[in-house]
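Here is a short report for a reader who is new to this structure. Please look at the sequence and the model first.

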Amino acid sequence: MLKIKGNYFILETNHTSMLIKGDGRAEYLYYGERVPDFSGAEWLSPEVYWDGAVHPLSLFLQAGRGEAREPSVSVRFADGSYATDFRFVRARIVPRPVLEGLPSAYGEAKSLKLEFLDEPSRLKLCLYYTAFADSDAITVCATLTNGGKKPVSVLSFASLHLEVWGNDFSFTTFDGAWASERRRHTRPLECGKCENASYIGSSSAFHNPFVLLGRKGDVYGVNLIYSGNHREFAESDATRRTRLVTGINPYQFDWELAPGETFFAPEAVMVYGKTDEEVSERMHEFVSRHIVRGKWKDRERPVLVNNWEGTYFNFTREKILNIARKAAEAGAELFVLDDGWFGKRDSDTCSLGDWTDYAEKTGGLESLADEVRAMGLKFGIWIEPEMISEDSELYRKHPEYAMKIARRDPQRMRHQLMLNLVDPQVQGYVFRAVSRVITMCKAAYVKWDYNRYMTDCFDRNTRGGEYFHRYMLGLYSVISRLVERFPNVLFESCAGGGSRFDLGMLCFMPQTWTSDNTDARERTVIQSGTAYAYPQSTMGAHVSASPNEQTGNSNSLQTRFNVACGGVLGYESDLTKADDAELDEIRAQIAFYKKYRSVLQFGVYHRLGDALNGEWSGFITVARDGSKAVSVIAVPEKRTGEFNLRVKFAGLDENALYSVKYRRADGSFVPVCQAHGAMLNRGSFALQNLFSETDVRSCSNPLYTRLFVFEKVSARKKRS
Ligand code: GLA
C-alpha cells in the first residue's frame, strides 16, 4: 500500500511500515514494525545542531554538500567538477518502472516515485519504492537521467541507502570461498564502516550480496537483484545514525551517460523483522513469490541423479546408461549428464565453446538422451556457456571471442578463458549454441555452470569503466532470451558450486547448485547460511558417496539423505556401485521425499539451533496449512557420557495436536510422542536416546542426524 499525504509518503506491507518525508530534502522518518498511523510524526524529525545543521536519515548521500561520509551517488561533469545539489522535486504514485536489461521483482503494479533534480546540470535522480505487502518487502529502483547537454560520468550509484537511528547495530554477512559458501559472520559496528563486496565480476562465494543489520528487536535484511560486482556497507557514527548501502560496486566503474540517457541501478530489496528468523521468513516469501518465476515457480522440482562425482570426465555411454538405469529403479525422475559430453572433453583443459556432441564418447547424444527417456526419466544436461578453452574449435576460429587484453597474457583459471559477452556477436553465438544443445537432446533441465572469475576485461567498443556491468547486461540478455524460448526447461544455475547464488540469477533460473561441497557435515553449515536469504526450493542438495570426495569425512547414507532433503534433492555418485541394500535405502528415501516434497521444498522454513557454533542445529519446514512438518536435527559432535542435549522446534500450529515420529534408515518410523504445536514450539526436547551409535559405527567424523515427521492428528477443541 502506497499513500501520499501532503509531504508524507507512506509504504505499508502486512507487518511493516515506512514513512518518508519530502520537503526540500527527503528523509526516512520511520521503518519498522507496522504502526496503525503516523500521528506524532513531526517528533520523529532530526535535531537541529548548534551550528544550524541537521543530519536526517537520508535516502542517498551526494558529493559536494559538506557531507562527512562517502556519497552513495557520485558523478563527474564534463567540466571536471563533482559537486551535485539534488533537491527533492515531487512524489507521485506511478506504474513500476521497467529496468532496461536488468532482472527485477514482479507482482506489484505501482511504485512511489521520488524525483530529485540537480538544477545546474539538469541531472535527475529518481527513486522508486515498491511495497510487496504479502512478503513484507520494500524494494527500491534508482535511476539517473541526464537532462543536460553534455555527457556525465557516473562514478558510483547505490541502489539503496537505508538509514536508521542508533549506533548499536551489528552487521552480518555471508562469506566464504569455493566449497565453503555463505558462512555467517556478525560483528558489532560501533563507530566506522564495514564492507561486503565482490571484485571478481560475479556476486561470488566470497561475499554474498545478502546482509543483515541487527540489534535486539530490530533487524533489517537487504539484498540486491544482481549477479555482478556488488558492494554493501554499513556505517555508524557519532550522529547516532547507522546506514546500510547496497549497489553496484564502484570499483572500476565509470559509466558515461550521454544527454537524454538514463542509467538504471539494479533493484534492491529490504525487509524488516524483529529477529533474524522473521527476516529470513519474509525474504523467503519475497523470493518465492516475486523473484522466482515461470513454469517451475511453484512446481515440485524433480529428484535428479547427476553423474559428476560418480564419473567425473571418465565415462562411457554404457556407464551413463547403467547409472541412469539405477536412477530409474530407485525412483529418480531426472538424469543429468554433467561435464564431458562435448567437443573432445576428457579433462578440463579443452573444448569449452564447442557445444557439439563428443560422439566417440557418448555414442550419440541424441540417442543417449532417448534411451534415458525410455527408462522413464527426463534428460538434463550440463553446459558452461560463458567460457572458452584455448584448445577448442571455437577459439581456433574466433580467438577474438575470448575476454583478453591485447599484448597481455590472459589469466587462466581452470585452464579456461571467458567469452566476451559484452559483444552482441558473442551473445548471439552463445544463444544459438545453447539453443542447439537443448533442442538436440530435448533437454528438460539445464545446469548452467560458470567456473572462474572475470579478469582481462576488455572490449574494443566498450569503455573500461563500463565493462563489468555491460557483461552482466550481455549475460542477462542471453539468458532472458533462452528462458523465453524454452519456457518448460528447468534451469539450475551453478558457478563452481554456489559462487553466483543471487537474486539476479534466480529471476531466470529457479534453483541454484548450492556448493560443490556435498559433505553432510559441511552442508549443514552451508545450507543453513544460504537459507538466511534463499528458500529451500532454490537450493540444489545432493547425496554423494562416502567417504566424501571433498572432505574425506564418512557418513551413513541416512545422514547424507537427511541433510540433502533440506533442499532440492539429488544423488551424485556412481549408483552402479551401490549394493542392493543401499539401493533399497535410496528407493525408500526418494519415496519419502516425494511424499513430503511439497513441504520440504515449499513449506515455511525455520532454522533451528546454530549450525556454525551450536551443539546441534537443523531446520523444520512446516506445511502452509500446518498439517504436517519435517525437521532434521544434526549433532556435529556427540560426547559420550554427556546428557541433556535438547532441541526446540518452531512454526508448528499452536492449537494442533501432532503425532511425532522419527525416520529409520529402512524407511520405517519410530513413534516419539503426541504433543500440541504450542508445546513443541516451546519445550526443550531430549535428543539423547534418539541417536544410535550403530548408525555411525563405520563412519569417520560422522554427523549424527535425525529426521522427524510431524503429522496433525486433530485440532485442539476451542473452549466454549
Ligand atoms: C563445477 C560444478 C560441478 C561440476 C563441474 C564440472 O565445479 O560446480 O558440479 O558440474 O563444474 O566441471
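The report covers the ligand site, then one sheet, then two points of backbone geometry.

This is a predicted model, in which local features need pLDDT of at least 70 and side-chain atom pairs count only at pLDDT 80 or more, while totals for chains, interfaces and linings use all residues. Residues are numbered from 1 along each chain as its sequence is written, and side-chain values use heavy atoms, with hydrogens and water left out.

**The ligand site**

The ligand has 13 residues around it. Such a residue has a heavy atom within 4 Å of the ligand. Asp338, Asp339, Lys447, Gly497 and Asp516 come nearest. By type, the shell holds six charged, four nonpolar and three polar residues. Here Asp, Glu, Lys and Arg count as charged; Ala, Val, Leu, Ile, Met, Phe, Trp, Tyr, Cys and Pro count as nonpolar; the others, Gly among them, are polar.

The table lists polar contacts to oxygen atoms of the ligand, each a pair of N or O atoms within 3.5 Å.

| Residue | Part of residue | Distance |
|---|---|---|
| Asp339 | side chain | 2.6 Å |
| Gly497 | backbone | 2.8 Å |
| Asn451 | side chain | 3.2 Å |

Taken alone, the ligand exposes 310 Å², and the protein buries 96% of that. These areas come from the Shrake-Rupley method with a 1.4 Å probe.

**The sheet**

Five strands form an open, antiparallel sheet in the order 1-2-3-4-5. Strands are DSSP runs of E with at least two residues, and helices are runs of H or I with at least four, numbered from the N terminus. Two strands pair if DSSP finds at least two bridges between them. Strand 1 (2-5) and strand 5 (57-58) are the edges, each pairing on one side only. Strand 1 runs antiparallel to strand 2 (residues 8-12), joined by four bridges. Ile4 stands opposite Phe9 in strand 2.

**Backbone geometry**

Most residues other than glycine have a negative phi, and most peptide bonds are trans. Arg182, not a glycine, has a positive phi of about 55°. Arg182 is in strand 13 (residues 180-188). The peptide bond from Ser546 to Pro547 is cis, with omega near 0°. Pro547 lies in the loop between strand 30 (539-544) and helix 11 (557-564).

Conventions:
Polar contact = N/O pair within 3.5 Å; in protein donor to acceptor, adjacent residues only side chain to side chain.
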